[in-house]
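Me: Could you take a close look at one spot in this structure for me? Start with a single residue and work outwards from there, and keep it informal.

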Amino acid sequence: MSRVINTMAFLKFSALLWCILVLIASLSHVEGSTRVELSTGYYYHTCPEAAQIVEDGVLLAVKSDTRMGASLLRLHFHDCFVNGCDGSVLLDDNATFTGEKTAFPNSGSLRGFEVVDLIKAKLEEACPGIVSCADILALASQYAVYHLGGPSWEVKLGRRDSLTANRTAANVFLPSPASNITTLTSNFAVQGLSFKDMVALSGAHTIGFARCTAFRSRIYNDVDINPPFKQYLQSICPRVGNDSVLQGMDLKTPSHFDNLYYKNLLVKKGLLHSDQEIYNSNKADPIVRKFSRSLTKFYKSFAKAMIKMGDISHLTGTQGEVRLHCRKAN
Ligand code: HEM
Ligand SMILES: *[C@@H]1O[C@H](CO)[C@@H](O)[C@H](O)[C@H]1NC(C)=O
Ligand SMILES: *[C@@H]1O[C@H](CO)[C@@H](O)[C@H](O)[C@H]1NC(C)=O
Ligand SMILES: *[C@@H]1O[C@H](CO)[C@@H](O)[C@H](O)[C@H]1NC(C)=O
Ligand SMILES: *[C@@H]1O[C@H](CO)[C@@H](O)[C@H](O)[C@H]1NC(C)=O
């Protein structure tokens, strides 16, 4: 009898021990280098209407301002390149906090924050505290590209929002339009993105606009620029003043997600110095030519690179949070 009890006790004890071991193992797993696991079905049970709400928000915004599609795509890029896709770019400054909005590449240039707020409010109504701001940007980018005539891809979800932001990092990690090909390539390489990814992602400049300040140096200093094109740009963007005058990145169809961007590069009509840099390097030539000839190949590489960019993450396990308002940590 006592032997039976002893055996039972031993079994209970070993079961307990086993539970403890499993718990320790899973905790150390979380504390290790595990990335947030993203999946396309992340909100399938918790917020099945999430994607539809974001799509409706994007469509509504683009209907009244076509450029907004480009602006939303750029927000996701500027989010991901600074400490990963964690919504850090969306945090507002306040008395005790300075975020990324005033960093040089962002200041006076990023748009779309109100659109994100509207989408977030709808999501909080439908499923409170579930959908992260970082995921809103990833989804909104996809719908923006798609509804401007571009490719679609399955967006991986489950990102966590940061509690903070880093302006210095935004100045360090976001590429400048004055950059040469070496700097650009290393800017993307530190994010784990290849040269081909960089060329494909730069195709985002087939939509949207740039200010005179962003291309002034190109039109007054560069030699690898089409002369009539240069002349025209100089007429709208003087050496001094008119800083905010806008020029479509892709000259003819700035609200259509096509491959004209690459065709422009072939004839030295890249708007930014950085744009033309990717066709000045011999290494880039075949890829630019390939994308200029084949819309399908561009779309495929762009979608693939967007998924890769969306995977950039520094938050691990349960770090971060799902923000209730995208402009402020909870
Ligand atoms: C290769 C390095 C890149 C540089 C140096 C760069 C730089 C710039 C600059 C200077 C502007 C104009 C901003 C202004 O004048 O207000 C701009 C606009 C834009 N960028 Fe980039 N960019 C780069 C890559 C990317 C990538 C990877 C994406 C997205 C995947 C992207 C998406 C956009 C979009 C959509 C716009 C237009 C935004 C609007 O009209 O509101 N860019 N970029
Ligand atoms: C912010 O980013 C800069 C540049 O990457 C880094 O040196 C600094 O340590 C970061 N600050 C914080 C508080 O993480
Ligand atoms: C590219 O730009 C960097 C930073 O401004 C500079 O140090 C480097 O010498 C440049 N490289 C070339 C090949 O011009
Ligand atoms: C400023 O830009 C406008 C177009 O928006 C253009 O008509 C005007 O000539 C520009 N001014 C100068 C001094 O270039
Ligand atoms: C300022 O913003 C930061 C980041 O969103 C937040 O953590 C903090 O609570 C805010 N402070 C105030 C006083 O609102």
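**Around the annotated binding site**

Reply: Let's start with T253, which sits in the loop between strand 2 (246-248) and helix 11. Keep in mind that this is a predicted model. At 27% relative accessibility, T253 counts as partly exposed, since buried would need a value under 20%. Leaving aside neighbours within four places in sequence, T253 is in contact with T206, D258 and L260.

D258 is worth following next. This residue is also found in the loop between strand 2 and helix 11, but D258 counts as buried, because its relative accessibility is 12%. The side chains of D258 and T253 are joined by a polar contact of 2.6 Å. With neighbours within four places in sequence set aside, D258 touches T206, D250 and T253, and also L295, F298 and Y299. Those last three take us into helix 14, which covers residues 295-310.

So what do the records say about this spot? An unreviewed UniProt entry carries a "binding site" annotation on T206, D250, T253 and D258. These four span 53 residues in sequence, yet no two of their C-alpha atoms are more than 9.3 Å apart, so they gather at one spot. The contacts fit that picture: T206 is in contact with T253, and D258 reaches T206, D250 and T253.

Helix 14 also has a partner worth a look, helix 13 (residues 285-293). Its buried residues are D285, I287, V288, F291 and S292. They pack against helix 8, helix 11 (260-266), helix 12 (273-280) and helix 14. Following helix 8 brings us to the metal: H205 is found in the loop between helix 8 (195-202) and strand 1 (209-211). H205 gives the iron atom of ligand 1 its single donor from the protein, through NE2 at 2.1 Å. Don't read too much into that lone donor, because water is not among the atoms and a site may look incomplete.

Next come the other ligands. N166, A169 and F173 surround ligand 2. Its oxygen chemistry shows up at N166, where a side-chain N or O atom is 2.4 Å from an oxygen atom of the ligand. The protein covers 31% of the 360 Å² of accessible area that ligand 2 has on its own. Around ligand 3 you'll find N180, T182 and T183. A polar side-chain atom of N180 lies 2.3 Å from an oxygen atom of ligand 3, and for T183 the distance from a side-chain N or O atom to an oxygen atom of ligand 3 is 3.4 Å. Here the protein covers 23% of the 360 Å² of accessible area that ligand 3 has on its own.

One last stop is the "active site" annotation, which the unreviewed UniProt entry places on H78. H78 sits in helix 3 (residues 67-80) and counts as buried, because its relative accessibility is 3%. Beyond neighbours within four places in sequence, H78 is in contact with V89, P105, N106, L110 and L174.

Methods. Residues are numbered from 1 along each chain as its sequence is written. Chains are lettered from A and ligands numbered from 1 in the order in which they are written. This is a predicted model: local features need pLDDT of at least 70, side-chain atom pairs count only at pLDDT 80 or more; totals for chains, interfaces and linings use all residues. Side-chain values use heavy atoms; hydrogens and water are left out. Donors are N, O and S atoms within 2.8 Å of the metal (3.2 Å for Na, K and Ca); water is not among the atoms, so sites may look incomplete. Helices (H or I, at least four residues) and strands (E, at least two) are DSSP runs, numbered from the N terminus. A residue is near a molecule or strand if one of its heavy atoms lies within 4 Å of it. A polar contact is a pair of N or O atoms within 3.5 Å; within protein, one must be able to donate a hydrogen and the other to accept it, and residues adjacent in sequence count only if both atoms are side-chain atoms. Accessible areas come from the Shrake-Rupley method with a 1.4 Å probe; for residues, only the protein chains shown count as cover. UniProt positions are given in the numbering used here, feature names are shortened, and annotations may be inferred rather than shown by experiment. Buried means under 20% relative accessible area, exposed over 50%, partly exposed in between (1.4 Å probe, protein chains only). Contact means heavy atoms within 4.5 Å.
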